[in-house]
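Me: I'd like to learn how to read a predicted fold residue by residue. Could we start with the sheets and work outwards?

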Amino acid sequence: MKVVYSCSNRAYPAVAAAALHLGWLGSNPSLAEIAALPYWNPAARAEYGAPVRLGRDEAGNEVFVLGRGPAGPLVERALVSAWLVCGQAPQELVVVTTDPYLNLFTRLGAFLSHRPALATPGRLLVAFGIRRSLPALTRCVAQVKSRTAPGLDLARRNVG
Amino acid sequence: MHIIYHCYGGAHSSVVAAAIHLGLLPLPDASTAAVQALPYFDLHTSRDLGRLFYYGTDARGHAVFILGRARAAAILERAVRAGFSLAGKKQALLFVDTLPAVNWWMRIGGFLSRRLQWVGLGRPLVTYGTLHALPKLATLVRETLEQL
């Protein structure tokens with residue numbers, strides 16, 4: 001099974017969710033730990049739409065992060081419809097939008113981090129915002145994992 | 001190879017190009033009724049943007065699809081390619097942008113019919129525009145076929 005965490009820039013909430021999924025973040029990580037996650041910085045425009053593999057979880061599911069860019073939900077539709085055209089089972093590809101987990105701190109930090117003089121405080125503010133979102137992101141990841149856990153029958157997966 | 005004809009809404013020029021590719025439209029004298037009777041013509045809504053729709057398989061075995069991609073052609077091309085790649089399919093894909101063949105009648109008619117849902121006004125306009133765009137669309141398809 002493939003799990004794709006998406007957000008607008010393929011950065012903060014998607015990377016944090018993927019890191020939680022893969023067990024890279026503890027229950028109370030420091031700001032530095034969060035900011036040091038791979039692919040923490042936003043993707044370039046030319047990378048929008050292409051998922052990046054971050055790793056494989058303990059159940060063998062591959063975990064990806066994806067930047068949607070200005071195309072928004074169309075990216076997920078295109079990804080999923082291509083998957084289905086290939087004859088793959090719909091439940092084998094889980095795409096999770098993490099934009100709802102962006103908060104004011106993360107948005108403001110992302111805005112500031114684009115200014116060279118304010119990049120460092122901006123990045124810390126982003127990490128602070130993500131740390132505040134971690135409980136919600138953890139619940140989201142737990143829900144995803146309950147859908148992707150091996151041994152569940154199809155009916156249970158569909159309920160999730 | 002899979003051929004994906006794409007335009008803004010996936011409702012007009014990409015549909016007609018796919019139909020020409022598959023020989024579903026009698027050229028050069030296609031009628032209004034023939035254009036309007038094409039599968040998916042002037043049907044897709046904003047909820048269909050980003051989705052691949054299978055249109056048929058040509059005589060050489062190439063599957064033909066249509067795609068509405070709004071203003072995000074490059075991003076959606078990457079996403080479609082990624083979907084095939086995630087599925088483990090090393091499928092050759094050819095993306096053909098049909099928007100250069102679109103004229104103002106089609107833009108205005110398509111906007112009225114699809115965006116505003118004024119189908120009674122928009123559909124005749126977009127069909128009129130499509131009939132005028134047929135030579136360009138036929139050329140586009142011929143160039144596509146030459147690439148295969």
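Reply: Two strands pair if DSSP finds at least two bridges between them. Helices (H or I, at least four residues) and strands (E, at least two) are themselves DSSP runs, numbered from the N terminus. Keep in mind that this is a predicted model, where local features need pLDDT of at least 70, side-chain atom pairs count only at pLDDT 80 or more, and totals for chains, interfaces and linings use all residues. As for bookkeeping, residues are numbered from 1 along each chain as its sequence is written, chains are lettered from A and ligands numbered from 1 in the order in which they are written, and side-chain values use heavy atoms, with hydrogens and water left out.

Me: Try it on chain B, then. What is the bridge partner of Ile4(B) in S3(B)?

Reply: Phe65(B) is the partner of Ile4(B). The two strands involved, S1 (residues 2-7) and S3 (residues 63-68) of chain B, pair in the parallel sense over six bridges. Zoom out and you find an open sheet of four strands in chain B, with the order S2-S3-S1-S4 and mixed pairing. S2 (52-57) and S4 (93-97) of chain B each have a single partner strand, so one side of each has no neighbour in the sheet. Ignoring direction, neighbouring strands of this sheet are turned by 25° against each other on average.

Me: In which order do the strands of the chain A sheet run?

Reply: S2-S3-S1-S4, four strands in an open sheet with mixed pairing. S2 and S4 of chain A are the edge strands, pairing on one side only. From one strand to the next the twist averages 25°. S1(A) and S3(A) run parallel, joined by six bridges, and Cys7(A) stands opposite Gly67(A) in S3(A). H1(A) packs on the sheet, touching S1, S2 and S3 of chain A, and its direction makes about 150° with that of S1(A). Axes here are lines fitted to C-alpha atoms, for helices over the stretch in contact, and angles run from 0 to 180 degrees between N-to-C directions.

Me: How many residues of H1(A) are buried?

Reply: Buried means under 20% relative accessible area, exposed over 50%, and partly exposed in between (1.4 Å probe, protein chains only). By that rule, ten of the ten residues in H1(A) are buried, including Tyr12(A), Val15(A) and Leu20(A). They pack against S1, S2, S3, H4 and H5 of chain A, contact meaning heavy atoms within 4.5 Å. After H1(A) comes Gly23(A), with a positive phi near 75°.

In chain B, Ser14(B) sits in H1 (residues 13-21), and it counts as buried because its relative accessibility is 0%. Leaving aside residues up to four places away in sequence, Ser14(B) touches Tyr5(B), His6(B), Cys7(B), Ile66(B), Leu67(B) and Thr98(B).

Me: Which residues touch the most other members of the largest nonpolar core?

Reply: A nonpolar core is a set of buried Ala, Val, Leu, Ile, Met, Phe, Trp, Tyr and Cys residues joined through side-chain atoms within 4.5 Å. Tyr5(A), Trp40(A) and Ile130(A) touch the most other members of the largest one, which has 34 residues. The elements that each supply at least two residues of this core include H1 (12-21), H2 (31-35) and H5 (119-148) of chain A. Apart from it lies another core, of 32 residues, among them Ala43(A), Ala63(B), Ile75(B) and Ala79(B).

Me: Where does H5(A) kink?

Reply: At Leu134(A), by about 50°, shortly before Pro135(A). That bend is the angle between axes fitted to the seven residues ending at a position and the seven starting there. The span of H5(A) fits into the picture too: its 30 residues put the end C-alpha atoms only 37 Å apart, short of the 44 Å for a straight helix. The expected span is 1.5 Å times one less than the number of residues.

Me: And the backbone oddities?

Reply: Most residues other than glycine have a negative phi, and most peptide bonds are trans. Tyr39(A) has a positive phi of about 60° without being a glycine; its place is the loop between H2 and S2 of chain A. Gln117(B), also not a glycine, has a positive phi near 60°. From Leu27(B) to Pro28(B) the peptide bond is cis, with omega near 10°, and Pro28(B) lies in the loop between H1 and H2 (32-36) of chain B.
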